[in-house]
Structures are given as C-alpha cells and as structure tokens.
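User: I would be grateful for a close look at a single part of this structure, beginning with a helix residue and its setting. Please then describe the sheet and one of its connecting loops in a connected account.

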Amino acid sequence: MPSDKFAKKNHFQFYKVFGSDERLNEGKKLWATSLKNFSSKTVEISHVGSKGEGTSKLYTEFDYIDKEYVFFIPFSLPSEKIIVQPISKSSEGVRGNILEIINSSTERIEPQCNHFFKCGGCILQHWKFESYNKWKINKLSFPINLISPETEIKSMITSQLKSLSLIHI
C-alpha cells in the first residue's frame, strides 16, 4: 500500500477517480501493486548521488514510455554492474533494490556494523573510507564553489570509523 503520508496527500485525487470508499481502496491496492510489477533491469552505476545512492541512467520502457531514466539504487557503488528491481517511479527517476551484484566495485568493503543493511543510518559504510571522504568533500565544496568560486576548501576533519559505537545508552 502507498504510505499514509502519500494516501492523505492524494486522497481527494483518488476519490475523484474511483468514487466510493470501497472502489477507492481497491484503486489504492492496484496502484501499489503496479509499482512492484516492473521487470528487473541490468544497470551500471556511474556515481553516488547526493543522498548516498548509486546512480545510473538506462534507456528503457516503463508504462509504455521509452526514454532514458535515472535509477537510484541504495547500497550500490560506482562502476558496479547490478541487476535491480525497480520499486517506484517518479519525475525524479526510478528507485530500485539490488537483486544481484554482477561485477562488484573494487571500492566495496565489508560493513563493520551487523545492522548495516537493516538500519540504513550509515548508508555508505560499505564504501572504502578514502572514496567516501572524497565524495563527502565534493558534496560540501560544490555548492560553496558555486556561490564563491575563489573559496578554497583545504581538507575535512573526519570522525573515526565506528565512532558511534562508543556511545552507550
């Protein structure tokens, strides 16, 4: 089912289309299942986007529309070739989950936290720290350089890996 936030935001539009509450609920179920019926796709990750998700472009067809779509895939890294299951499509792009990693990145490491894939708090813990650090510096310096091109960012002070594990609650 769509999230509660989505359902509340779009309740009126759904109601206009389906009429009664019973037909409205049927329509919501059909809408939610249609997102799960996209066929799997093979993509190559070009870079990590601003939200920490692997990003790829692929010319393919969704809902009878052929065009180049941007894919956002969590837990993927640059230069990885993966099979992805699309789960949702928006004007921003297609979100998907990894089904299989065909060619793993040389920058992929074993996450240090046992809860990494379940929690999602440290979305890039599986990326070598040096590569992650470069990505983070670029993420911070790019908008600053747009505003003030003469600004020089020399380095970034980072916390130790697993620094949160020192916190006892």
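**A helix residue, the sheet and a loop**

Analyst: Helix 4, which spans residues 129-147, contains isoleucine 147. In this predicted model, the relative accessible area of isoleucine 147 is 76%; because exposed means over 50%, this residue counts as exposed. Together with Phe142 and Leu146, Ile147 makes a nonpolar surface patch of about 400 Å².

The sheet comes next. It is open and is formed by six strands, with mixed pairing and the order 1-5-6-4-3-2. Strand 1 (41-44) and strand 2 (47-48) are at its edges; each has a single partner strand, so one side of each lacks a neighbour in the sheet. Strand 3, residues 54-62, pairs with strand 4 in the antiparallel sense, and nine bridges join the two. Within this sheet, tyrosine 59 has glutamate 68 of strand 4 as its bridge partner.

From strand 4 (65-73), the account passes to the loop between that strand and strand 5 (81-89), where phenylalanine 75 is placed. Serine 79 is also in the loop between strand 4 and strand 5. Most residues other than glycine have a negative phi. Phenylalanine 75, however, has a positive phi, near 70 degrees. Serine 79, likewise not a glycine, has a positive phi of about 70 degrees. The relative accessibility of serine 79 is 45%, and therefore this residue counts as partly exposed.

How values were computed. Residues numbered from 1 in each chain as written. Predicted model: local features only at pLDDT ≥ 70, side-chain atom pairs only at ≥ 80, totals over all residues. Heavy atoms only, no water. Helix = DSSP H or I, 4+ residues; strand = E, 2+ residues; numbered from the N terminus. Buried < 20%, exposed > 50% of the residue type's maximum accessible area, 1.4 Å probe, protein only. Pairing = 2+ DSSP bridges. Patch = residues over 30% accessible without salt bridge, like charges linked within 9 Å, V, L, I, M, F, W, Y side chains within 5 Å. Areas by Shrake-Rupley, 256 points an atom, 1.4 Å probe, with all protein chains shown as cover. Salt bridge = Lys/Arg side-chain N within 4 Å of Asp/Glu carboxyl O.
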